[in-house]
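The following exercises concern a structure with chains that is to be read step by step. Please attempt each task before reading its solution.

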Amino acid sequence: MILRAEGLRKLYGEVCALDGVSLAIDAGEFVSIIGPNGAGKSTLINVLTGVLRPTAGAVTFKDRDVSGLGPARLARLGIARSFQLVQIFPDLTVLETLQAAVVSRLGRGTRLFASLAADREVQEGAIDVAELFGLGEKRHVPAKQLPQGDKKLLDVASAFALRPELILLDEPTSGVSTADKTTIMESLVSASKRIGVRAIIQVEHDMDIVFAYSDRIIALHEGRVLADGPPAAIEADRRVVDTVVGRRARAG
Amino acid sequence: MSGRLVLAAALGAAVLAPLVAPTYQALLMLPFMAYAVALLGLNLLFGYTGLVSFGHALFLGIGAYTGAFLTSVFKVRSMEVILVAAAALGALVAAPVGALCVRYVKIYFGMLTLAFGMVFYTFVLKFYRLTGGDEGMPFLRPALLGRSLEGLSKIDYLVGPYYYYSLAVLVLATLVMWRIVRSPFGLCLKTIRDNPTKAETLGIGVARYRWYAFVISAVYAAVGGALLGPPTGNVDPTLAYWTQSGNIVFMTLLGGFASFFGPVLGAFVFIYLQDWVMSIVPFWRLIFGAILAVIVIFAPGGLAGLLTPRPAAAPRP
């Protein structure tokens, strides 16, 4: 077991975004979290990655209680994430963005007088990830000048540059073209194998992507776990079909 | 002309200035060099970390008063000791002040730094017996590299040994800061300037790095403040007043905070332009206000942005 969440609750005033969510993620799994808008998917990712503190419940990562730890500490422990709305460093180039992640992973951020340009481990680590995600040619392009698909790819690639054990992707293909969706998914699956990511959790609305890549699917509805199982079982679950999957099941 | 040639030419001109320029013009280089050191530090916070301090006169004042106390109260005349003590005291004060301020961003950070600056200003103004109040304290002529130089007239001392001493401190401070902004640490600061949320998820502790930048910038400002003392021979509370903080932010904007040398250029232009405008009209602040408005609206990259073909990378306000 790499990650376990038990009884997670998150209240925004009187609105309950998560209502007792429990889940467990094993090493080697690719888990998708699905649900209609407002089901609590992004809140769950934000709680699991320390961006939000849960109102109640606990999160353990590799048997260590990490509830309430901030995103920076979780990243250093081996949990990385990407965002639903693309998050980049607009004025940094692709390479600088990836270097920042590698510097952080190697714990070299407080080196005041070391030359970044002369640090071969950082340079090579960043170039490796750029190549892995097909961004090698654009490594000197400022992030703000990249097309939307590449910005998304860079956001995901920077998370992978941390070489995390667990990665959480909040709608990794949202806002990009259908062609870019496949590129992003193929890149991240192949990068996971290469880098040695032990588990992936993604929130995704595109059911074709969800069913094509997932080992397991967790369906959320109104802040609760509606169903948790392999894709075939989820597709056959009437409650999930009615509330989340709908058209795909009927079309299938 | 490449950047290196421009730098070499600027350095050569600075070296030759006391020999070829009128004494008065050479004397104006002294506050320029002192402010330039302070601005290198301020820009680590402003241009590289995205935090605008409106209270850095606090640290200029700490540096200047450290020199005044050491020379006139403790009879310590070594400039090297003064600079080290100013840097240490700047860091000591910046540590708790920064720890509080960096928890906030944008206008809240700016106002907090302004508040701390005003606390220090009021302290040096009102604790008359300790600080001399509005009359200030004498900053006695410091010895340079163990040489007392008491035999020189004040002008000969200032445009001679002290001038080159200040230039050497500026060059050293520039080389150190150049190294810092090109280090892994400098890259982490830039990620925080661009997107603190993303930086945090990459494992970069935003508050911690902002604090480091704050302390380093305070050390630079304190060293700059200590260099400001000897030319006037007196340190008074106006050095710690909020208009000083405003002036150094102005210099940074004038030169361009997105460029490493922009603030240094800004300090140079500010000092000479101020002197020139003041010699022509009494309402120099009006002219400078108009210049600031023009820069913010039409040239947000400052003078360095106008001189550099590539668009300047700027932290969003």
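A residue counts as buried if 20 or more other C-beta atoms lie within 10 Å of its own, as exposed if 12 or fewer do, and as partly exposed in between. The model used throughout is a predicted one.

**Exercise 1. The overall form of chain A**

Task: Describe the secondary structure, the extent and the burial of chain A.

Solution.
1. Begin with the secondary structure: chain A contains ten helices and ten strands.
2. Next, consider the extent. Along the principal axes, the C-alpha atoms of chain A occupy a box of roughly 55 × 40 × 30 Å.
3. Compare the radius of gyration with the globule rule. For 252 residues, a compact globule would have a value near 18 Å, and because chain A has 18 Å, the two agree.
4. Apply the definition of burial: 46% of the 252 residues of chain A count as buried.
5. Finally, examine the contacts in chain A with a separation of 6 or more: 68% of them join residues 24 or more positions apart.

**Exercise 2. Classifying single residues**

Task: Decide whether Ala236(A), Arg163(A) and Lys106(B) are buried, partly exposed or exposed.

Solution.
1. Ala236(A) lies in helix H8 of chain A, which covers residues 231-236. Ala236(A) has 12 C-beta neighbours inside 10 Å and therefore counts as exposed. Its C-alpha atom is separated by 32 Å from that of Ala56(A), a residue 180 positions away along the chain.
2. Arg163(A) belongs to the loop between helix H5 (148-160) and strand S7 (166-170) of chain A. Arg163(A) has 18 C-beta neighbours inside 10 Å, so this residue counts as partly exposed. Although Arg163(A) is not a glycine, its phi is positive, at about 50 degrees.
3. Lys106(B) is located in helix H5 of chain B, residues 106-126. Because 12 other C-beta atoms lie within 10 Å, Lys106(B) is exposed. Lys106(B), also not a glycine, has a positive phi of about 55 degrees.

**Exercise 3. Helix packing in chain B**

Task: Describe how helix H11 packs with helix H13, and how helix H2 packs with helices H12 and H11, in chain B.

Solution.
1. Recall the principle: two packed helices are described by the angle between their axes and the distance between the axes.
2. Take H11(B) (residues 242-255) and H13(B) (residues 284-298): their axes come within 10 Å and cross at roughly 45 degrees. H11(B) is therefore oblique to H13(B). The crossing of H11(B) and H13(B) is left-handed. Phe250(B), Leu253(B) and Leu254(B) of H11(B) meet Leu292(B), Ile295(B) and Val296(B) of H13(B). By class, this contact has six nonpolar, no polar and no charged residues.
3. Turn to H2(B) (residues 23-46) and H12(B) (residues 262-280): the axes come within 8 Å and cross at roughly 145 degrees. The crossing of H2(B) with H12(B) is right-handed. Among the residues that meet are Leu28(B), Phe32(B) and Tyr35(B) in H2(B), and Ala267(B), Ile271(B) and Asp275(B) in H12(B). The contact of H2(B) with H12(B) has 14 nonpolar, two polar and one charged residues.
4. For H2(B) and H11(B), the angle is about 75 degrees and the axes are 10 Å apart. H2(B) and H11(B) are therefore roughly perpendicular to each other. Tyr35(B), Ala38(B), Leu39(B), Leu42(B), Asn43(B) and Phe46(B) of H2(B) make this contact with Ile248(B), Met251(B) and Thr252(B) of H11(B). Seven nonpolar, two polar and no charged residues form the contact of H2(B) with H11(B).

**Exercise 4. Where the chains meet**

Task: Describe the contact between chains A and B, and state what packs against the buried residues of H8(B).

Solution.
1. Count the residues: 34 of chain A are in contact with 21 of chain B.
2. Identify the helices: H2 (71-77) and H3 (94-105) of chain A each supply at least two residues of the side that touches chain B. H3(A) gives the most to this side, with seven residues.
3. Sort by class: the side of chain A that touches chain B has 17 nonpolar, nine polar and eight charged residues.
4. Consider helix H8 of chain B (residues 184-194): eleven of its eleven residues are buried. Among the buried residues are Phe185(B), Lys190(B), Arg193(B) and Asp194(B).
5. The buried residues of H8(B) pack against H3 and H4 (120-132) of chain A, together with H7 (154-181), H9 (196-201) and H10 (206-232) of chain B.

Conventions:
Residues are numbered from 1 along each chain as its sequence is written. Chains are lettered from A and ligands numbered from 1 in the order in which they are written. This is a predicted model: local features need pLDDT of at least 70, side-chain atom pairs count only at pLDDT 80 or more; totals for chains, interfaces and linings use all residues. Two residues are in contact if their C-beta atoms, placed from the backbone, lie within 7 Å. Helices (H or I, at least four residues) and strands (E, at least two) are DSSP runs, numbered from the N terminus. Ala, Val, Leu, Ile, Met, Phe, Trp, Tyr, Cys and Pro count as nonpolar, Asp, Glu, Lys and Arg as charged, and the others, Gly among them, as polar. Axes are lines fitted to C-alpha atoms, for helices over the stretch in contact, and angles run from 0 to 180 degrees between N-to-C directions. Angles under 35 degrees count as roughly parallel, over 145 as roughly antiparallel, 65 to 115 as roughly perpendicular and the rest as oblique. A crossing is left-handed if the near helix is turned anticlockwise from the far one by less than a right angle, and right-handed if clockwise. The radius of gyration is taken over C-alpha atoms; the globule rule is 2.2 Å times the number of residues to the power 0.38.
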